[in-house]
Amino acid sequence: MSREILSKRNDLAKIIIADCKPKIADVCHLLERSESVDEKEIERLLDGLLDYGYDNEVIELFNQLCHTAEARYPQLVKDYTRYFANQWAED
């Protein structure tokens, strides 16, 4: 990939991180306090991260949300973990 494309790709990851990081922190905080979080909200956040698995901070956010949501939404986390792994598996 050219430097320009890599730079734009990294810029996109930074935008998604800036958008999702505080939302993921809020959702994780609610889940840790056993408060209600709509499953669709978790899906929306995980969906937003799926395309940016090349970025380490995105991977950390994805793992943080999955780890925190796993007790309440085990099937959802299992499905998204599989999707993420399949999308970013090294050939």
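A residue is called buried here when its relative accessible area is under 20%, and exposed when that area is over 50%. By this criterion, buried residues make up 34% of the 91 residues in the protein chain. The structure under discussion is a predicted model.

The overall architecture can be stated briefly. The protein chain contains four helices and zero strands, and its elements follow the order α-α-α-α from the N terminus on. Along the principal axes, the C-alpha trace spans about 45 × 30 × 20 Å. Among the contacts in the protein chain with a separation of 6 or more, 66% are accounted for by residues 24 or more positions apart.

The packing of the helices may be followed along the chain, beginning with helix 1 and helix 2. These two helices pack at an angle of about 145°, and their axes are 10 Å apart. Helix 1 passes helix 2 in a left-handed crossing. On the side of helix 1, the contact is made by Ile 16, Cys 20, Lys 23, Ile 24, Val 27 and Leu 31; helix 2 contributes Glu 41, Ile 42, Arg 44, Leu 45, Gly 48 and Leu 49. In terms of chemical character, the residues of this contact divide into eight nonpolar, one polar and three charged.

The loop between helix 1 and helix 2 holds Ser 34. The phi angle of Ser 34 is near 60°, a positive value in a residue other than glycine. Ser 34 has a relative accessible area of 59%; because the cut-off for exposure is over 50%, Ser 34 counts as exposed.

The next pair consists of helix 2, residues 39-50, and helix 3, residues 56-69, which pack at an angle of about 155° with their axes 10 Å apart. Angles over 145 degrees count as roughly antiparallel, and helix 2 and helix 3 are therefore roughly antiparallel to each other. Here too the crossing is described by its hand: helix 2 passes helix 3 in a left-handed crossing. Helix 2 enters this contact through Ile 42, Leu 45, Leu 46, Leu 49 and Leu 50, while helix 3 supplies Val 58, Leu 61, Phe 62, Leu 65, Cys 66 and Ala 69. The residues of the contact of helix 2 with helix 3 comprise eleven nonpolar, no polar and no charged.

Attention may now turn to the interior. The largest nonpolar core has 26 residues, and those with the most contacts inside it are Ile 24, Ile 42, Phe 62 and Leu 65. Two or more residues of this core come from each of helix 1 (3-32), helix 2, helix 3 and helix 4 (74-88). Helix 1 gives the most to the core, with eight residues. Ile 24, named above in the contact of helix 1 with helix 2, illustrates the surroundings of one such core residue. When residues up to four places away in sequence are not counted, Ile 24 touches Leu 45, Leu 49, Leu 61, Gln 64 and Leu 65. Of these neighbours, Leu 45 and Leu 49 belong to the helix 2 side of the contact with helix 3, and Leu 61 and Leu 65 to the helix 3 side.

Lys 14 offers a view of the surface. This residue lies in helix 1 and, at 57% relative accessibility, counts as exposed. The C-alpha atoms of Lys 14 and Val 77 are separated by 24 Å, with the two residues 63 residues apart along the chain.

Technical notes: Residues are numbered from 1 along each chain as its sequence is written. This is a predicted model: local features need pLDDT of at least 70, side-chain atom pairs count only at pLDDT 80 or more; totals for chains, interfaces and linings use all residues. Side-chain values use heavy atoms; hydrogens and water are left out. Axes are lines fitted to C-alpha atoms, for helices over the stretch in contact, and angles run from 0 to 180 degrees between N-to-C directions. Angles under 35 degrees count as roughly parallel, over 145 as roughly antiparallel, 65 to 115 as roughly perpendicular and the rest as oblique. A crossing is left-handed if the near helix is turned anticlockwise from the far one by less than a right angle, and right-handed if clockwise. Contact means heavy atoms within 4.5 Å. Ala, Val, Leu, Ile, Met, Phe, Trp, Tyr, Cys and Pro count as nonpolar, Asp, Glu, Lys and Arg as charged, and the others, Gly among them, as polar. A nonpolar core is a set of buried Ala, Val, Leu, Ile, Met, Phe, Trp, Tyr and Cys residues joined through side-chain atoms within 4.5 Å. Buried means under 20% relative accessible area, exposed over 50%, partly exposed in between (1.4 Å probe, protein chains only).
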